[in-house]
Amino acid sequence: MPIHEKSLIRPENLKTHDKLVLDGIDVSGHWSTFIETRVVSDYNEALEEEISALPGGEYIHRCWQCGSCTNSCTVHAINPDFNPRFWIYLIRMGMESELLRDKDIIWQCVSCNKCTYACPRDVVPEGVMKATAHWLERKGHTPKSPSTHFDEVFTEQVIATGKIEESRTIRRFFKRTNQGLMQSWMVEMVKRMLRHLPIGLLSRMGLATFIAPRTSNWSSAASAIQEYIDEQHDKQDKALSLSELIDVAQKDAAA
Ligand code: SF4
Ligand code: SF4
């Protein structure tokens, strides 16, 4: 799987000689530019398996590196460092430390799914980006993102009540992410709602904020959902500890 995108060469790996003469020819400065050789020795052999164990990453093994995802990517058009094809390559090769160099931009995927429609192998690169962002969080490489906090608040409310009550979800999300409630867009939205929504609907929404209605006979459905979530988390935890198990086995073999 060759990489031939000039943008992928990190500036720190490009070297030039200020003064260099070869066979009597002055190749100083730009003319002596070369890419510093690197030796990668810290492969994570379980990286592909870890990412594919998370939702969205299931089809990463199908990638044949055509680059259609990156070519069609909305974020790549603005920031050439955002490169799904390259990250899929790194994951499949187990080059974890190289992947971590981009940990602060991987979350920038806007889930437009252009890559998903462009991909000839049904890899679902958008899903791989999500799985990779979750992998970074679960492994402690990045803090929990606001979208993960939102998913958690949303799920907790569904399990607790069997209903989604928007204002409670937003309030809890703001609290969990240390954001104030009186944000300008929020104030504007509430003003417009008061102007345009029917009074009956507004009263029901206001009431629901305080009394937290529940779906009747919800407890068995809630237990089934919780059981499924726990099962999935257990499976993912096992997959995410694969690299640690391999490390221990390698250390044991070397001892
Ligand atoms: S478009 Fe699909 S097959 Fe091509 S590089 Fe992207 S993920 Fe891989
Ligand atoms: S879903 Fe993400 S990776 Fe795919 S094209 Fe949109 S921004 Fe790029």
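Me: In this predicted model, which helices each supply at least two residues of the shell around ligand 2?
Reply: Helix 3 (74-78), helix 6 (114-118) and helix 7 (125-138) each do. Helix 7 gives the most, with three residues.

Me: What makes a residue count as near ligand 2?
Reply: Its C-beta atom, placed from the backbone, must lie within 6 Å of the ligand. There are 15 residues around ligand 2. Cys 73, Cys 109, Cys 112, Cys 115 and Glu 126 come nearest.

Me: How does the shell around ligand 2 divide by class?
Reply: Nine residues are nonpolar, four polar and two charged. Cys counts as nonpolar and Glu as charged.

Me: Why is helix 4 called oblique to helix 7?
Reply: The axes of helix 4 (residues 84-93) and helix 7 cross at roughly 60° and come within 11 Å. Roughly parallel needs an angle under 35 degrees, and roughly perpendicular runs from 65 to 115. The crossing angle fits neither, so helix 4 is oblique to helix 7.

Me: What is the hand of the crossing where helix 4 passes helix 7?
Reply: The crossing is left-handed.

Me: Which residues make the contact of helix 4 with helix 7?
Reply: Helix 4 brings Pro 84, Trp 87, Ile 88 and Ile 91. Helix 7 brings Pro 125, Val 128, Met 129 and Thr 132.

Me: How do you know which classes the residues of this contact belong to?
Reply: Pro, Trp, Ile, Val and Met count as nonpolar. Thr is in neither the nonpolar nor the charged list, so Thr 132 counts as polar. The contact has seven nonpolar residues, one polar and no charged.

Definitions and conventions: Residues numbered from 1 in each chain as written. Chains lettered and ligands numbered in written order. Predicted model: local features only at pLDDT ≥ 70, side-chain atom pairs only at ≥ 80, totals over all residues. Helix = DSSP H or I, 4+ residues; strand = E, 2+ residues; numbered from the N terminus. Axes fitted to C-alpha atoms, helices over the stretch in contact; angles between N-to-C directions. Parallel < 35°, antiparallel > 145°, perpendicular 65-115°, else oblique. Left-handed = near helix turned anticlockwise from the far one by under 90°. Contact = placed C-beta atoms within 7 Å.
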